[in-house]
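Biologist: I am new to this structure. Please take a close look at the strands of one chain, and then place that part among its surroundings.

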Amino acid sequence: MTHITTKIHPYAKVYAEDAKAGKLDRREFLARTTALGVTATAAYGLIGAAAPAHAAGHAQQGGTIRMQMEVRALKDPRTYDWTQIAFFSHGWLEYLVEYNNDGSFAPMLLSSWEVNDDATVYTLNVRPGVKWNDGSDFTAADVARNIEGWCDKNVEGNSMAGRFAVLIDEATGTAVDGSVEVVDDLTVRLNLPASDITLIAGMADYPAAIVPADFDPENMTGNPVGTGPYLPETLEVGVKAVLVRNEGFEWWGYAENRGAFLDRIEYIDYGTDPSAWVAAAAADEVDMFYETVGDFVDVVEGIGWERSEVASAATIVIRPNQLAEVDGTQPYADKRVRQAIAMAVDNAVCLELGYANRGVVARNQHVGPMHPAWADVPGLPFDPEGALALLTEAGMADFEMEITSIDDDWRKNTTDAVAAQLRDAGFNIKRTIIPGSTFWNDWTKYPFSSTNWNHRPIDTQILGLAYRSGEAWNEAGFANAEFDTLLAEANSLADAGERREVMAKLQGIMTDEGVTIQPYWRTVYRHAKPGIVGWDMHIAYLPQMYKVAFAA
Amino acid sequence: MGLFILRRLGVMLLTALCLTFIVFWLTNLAPNLEKLAKTQGNARMSDEAVVSWLENRGYSQALPVKYGQWLGVLPGYVIEGADGEVRARCQLPGEPVEDASTFCGILQGDWGYSTVFKDEVGSIVATRLGLTGKLMLCVMLVMVPGALIIGVLAGMREGSRTDRSLSTVSIVSTATPEYVSGVVFISVFATATFGMQWFKGTATSAMDDATFENFFLPVITIALYGMGYIARMTRASMTEVMTAQYIRTARLKGVSFPKIVLRHALRNALIAPFTVIMLQFPWLLNGVVIVETLFNYKGFGWVLVQAAGNNDIELLLGVSIVSVFVVLITQLISDIGYVFLNPRIRIS
């Protein structure tokens, strides 16, 4: 492995001192420093630890793995809404950066990057020697073209535009002129109009797959040009998808000892019912799961499978929409009503009844201890009597609240737990359950409903997506000028220690305004049969199949 | 006879036309189109994006125009989208717009393109119908002989101990829906709970390679449900025949009992069950939905569920056409078969 000597970001050294002094845990330390461009190996070195060894030593070359996973249709990567799609396409469409369970960002198609002190200039160094599988070189122009594509708001459903919002010119809906600059063949510089600390995290997310020039989203399997070690063999949506090794193609990762051990990866769709997955496991038709949910964790362990678990920031919010009108009034516009709702619900009960205690209790702030700049801000007390008093004071004691949820396992159960506690507190509650096929049509507009949110690496990301005024995904209808200003300030502070002070204020507003009930952080699970290595559950469900292998 | 079949075919076409128009109208209602846009574009897409997505892809045209395009009597749309890209209805994936043909509808033999599966509707329906056909064939092979044997044995001597016990069995099997018997079978024969893990609780691998082990449970689940019903019909018909004058005459002549049953009673007793058996085909086509889901066997029923769940307009239309034809053709066969079984009936 070659080490590239780069200037180590000044804050990285500060963090290292903090980490050594025990003020910072290892995960936080890694997330902060690697986002600033320090390699994971160097970061481990800063705190005097050795980077974890790769599995290469125990891995066997070759073999076929069969994984239970929903097989979905391919589409333009920018518009991916399910990580399962990326599990198939990442065989040939790779990423610039990869996010790991220890919180670090590791270089993939980039070899390294540097961020300036106020996070307004990003210098991206493209990995030399990477080739597309059609033989052409992978260069800085490819990186720049992809970033410009992510910034194109005119593509319907382009969720990368949200992650790169800082680069987008509101008038044209495309990247601001001169913001994406190709310095030379192997260097791209991003000149941001405003500070943003989340771009590297955005590049590691599953819709950020790097596509070739003249990429045709309608014909992805017909013309699979990419940089990855695999090629698509078959794709039958809802049935099966197969990746096979691209024989004869010199993938950049081979030289780096990155893996890609398997010769063949089969994703087999067993529908959405976990009991069918278990039946498939018992019948030895699959070797590993995509994700194990709820009570099935115990069931699959009963048949001898191994567990991998990780505490993530994936969560559920049960939020009133402050703008929603019910019978001509806006029942949740009143802060007292929202506070009453939050006070009447014990989050620990939601975790127990909704997710069988497989997680960590949260404080309705949608920022948690797994985030680098999380501040320890107390939540509202659990006080059902006080809640009812507050509700009566607001004159809403007789109002019937309709709480909507999707029809599934844990989301429905958690929402039920909230509804039951509100009823116990004396609220007037009606529960509505909507099937998954129609639930998402209006998900931001239900007056009071639950939504699941995935893990995001940086604390400010989710606040920006879901709670900034006027955002498309702002399902709580929350609009607070002070919150927006503080969030912009937090986004300019690359140093998590400084940002924490601002985060404390932001979390305080989340609590005080009773924006949402966000009862717990989920622990996510995956199971595989014994004898396989490198298959750990990923904290953000990101695909990293190149690490999987049969044990030698 | 020829005229009769022609007239039946005419009815079939008319039914298919009406039904597809109804399906077309329902799937093109505004909320369904919004759902389509969100499942295809991005589940969390904004309202403006939904509108432009639909406009760019020709979904915002007038209903009769869209239906005409699907039928192939009107030229397919060519629309320059808000994003500057030109899209044509008849464009194949990877093909430039200029090369696309003008008409592409059912009349041109083009069944359309499935939005969920990103594939030709024709080939999807053919593959899935083939898989369900395989399942149905196995079911029929188990169900029909089984049901007829039980029915004939039970109906031979009405009120005997054999009759009572076989009748009880068939009533129980008919009264147990597939989603109950299927779950019971899986828990008994596919898990270690009762120490009888003889079969597989999933039929996914049976799609490529059906073995006794992975295919038996779904087959027996469907077969048992239909078997009881056919057996009851056969028994009723058999008991009636067995009381007929000519059976008594045969017995008085001294013909042996097995010979009476096989030579004289059986053919007459099979007329009623024949219709019922033919009716089982359309029922099977839709009835397999539950069993296919339960055993995760991706056949026609599964396609129907996927198409309906995702508002996949052209796939749903394809499924409807096939369903209409299966129902009406089996009825046609049953009408014609009747004539051969019962010479008293004539088709003008």
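**The strands of chain A, and what lies around them**

Modeller: Start with confidence. Among the elements of chain A, strand β13(A), residues 264-268, has the highest mean pLDDT, 95. Helix α1(A), residues 10-20, has the lowest, 69. Keep in mind that this is a predicted model. Across chain A the mean pLDDT is 87. In that chain, 93% of the residues reach 70 or more. The start of the chain calls for caution. Over residues 1-6 of chain A, pLDDT stays under 50. For that stretch the model has 5 contacts beyond four places in sequence.

Now look closely at β13(A). What does β13(A) pair with in the parallel sense? Its parallel partner is strand β2(A), residues 64-68, and 5 bridges join the two. Find Gln68(A) in the view. Opposite Gln68(A) stands Ile268(A) of β13(A). β13(A) also pairs with strand β12(A), residues 240-245. That pairing is antiparallel and has 5 bridges. Here Leu243(A) faces Ile265(A) of β13(A). So much for β13(A). In general, strands of a sheet pair through backbone hydrogen bonds, either parallel or antiparallel.

Next, an open sheet of chain A. It has 4 strands, in the order β5-β6-β10-β9, and the pairing is antiparallel. Which strands sit at the edges? They are β5(A), residues 110-115, and β9(A), residues 180-184, and each pairs on one side only. From one strand to the next, the twist averages 20 degrees. Zoom in on β5(A). Strand β6(A), residues 121-126, pairs with β5(A) over 5 bridges in the antiparallel sense. Leu110(A) has Val126(A) of β6(A) opposite.

A helix goes with this sheet. α5(A), residues 140-150, lies across β6(A), β9(A) and β10(A), the last of these being residues 187-191. The helix runs at about 175 degrees to β9(A).

There is another open sheet in chain A, with 3 strands. The order is β1-β22-β21, again with antiparallel pairing. β1(A), residues 59-60, and β21(A), residues 532-533, are the edge strands, each paired on one side only. β21(A) meets strand β22(A), residues 549-551, through 2 bridges in the antiparallel sense. Val533(A) stands across from Ala549(A) of β22(A).

Step back to see how chain A meets chain B. The contact draws 32 residues from chain A and 33 residues from chain B. On the side of chain A that touches chain B, α9(A), residues 274-282, and α15(A), residues 436-439, each supply at least two residues. The largest share of that side comes from α9(A), with 4 residues. By class, the residues on this side of chain A are 15 nonpolar, 12 polar and 5 charged.

What of chain B itself? Its mean pLDDT is 85, and 97% of its residues reach 70 or more. Confidence in chain B is lowest in strand β2(B), residues 86-88, at a mean of 79. In helix α6(B), residues 161-175, confidence is highest, at 91.

Two helix pairs of chain B are worth a look. Two packed helices are described by the angle between their axes and the distance between the axes. Take α1(B), residues 2-27, and α13(B), residues 313-341. Their axes come within 9 Å and cross at roughly 155 degrees. The angle is over 145, so α1(B) counts as roughly antiparallel to α13(B). The crossing of α1(B) and α13(B) is right-handed. The residues that meet include Met12(B), Leu19(B) and Phe24(B) in α1(B), with Leu317(B), Val324(B) and Leu328(B) among those in α13(B). The contact of α1(B) with α13(B) holds 14 nonpolar, 4 polar and 1 charged residues.

Now take α8(B), residues 212-242, and α10(B), residues 257-269. These axes also come within 9 Å, and they cross at roughly 130 degrees. That makes α8(B) oblique to α10(B). This crossing is right-handed too. From α8(B) come Thr234(B), Ser237(B), Met238(B), Val241(B) and Met242(B), which meet Ala265(B), Asn268(B) and Ala269(B) of α10(B). The contact of α8(B) with α10(B) divides into 5 nonpolar, 3 polar and no charged residues.

Last, the scores for the model. It has ipTM 0.78 and pTM 0.81.

How values were computed. Residues are numbered from 1 along each chain as its sequence is written. Chains are lettered from A and ligands numbered from 1 in the order in which they are written. This is a predicted model: local features need pLDDT of at least 70, side-chain atom pairs count only at pLDDT 80 or more; totals for chains, interfaces and linings use all residues. Two residues are in contact if their C-beta atoms, placed from the backbone, lie within 7 Å. Ala, Val, Leu, Ile, Met, Phe, Trp, Tyr, Cys and Pro count as nonpolar, Asp, Glu, Lys and Arg as charged, and the others, Gly among them, as polar. Axes are lines fitted to C-alpha atoms, for helices over the stretch in contact, and angles run from 0 to 180 degrees between N-to-C directions. Angles under 35 degrees count as roughly parallel, over 145 as roughly antiparallel, 65 to 115 as roughly perpendicular and the rest as oblique. A crossing is left-handed if the near helix is turned anticlockwise from the far one by less than a right angle, and right-handed if clockwise. Two strands pair if DSSP finds at least two bridges between them. pLDDT is the predictor's confidence in each residue, from 0 to 100.
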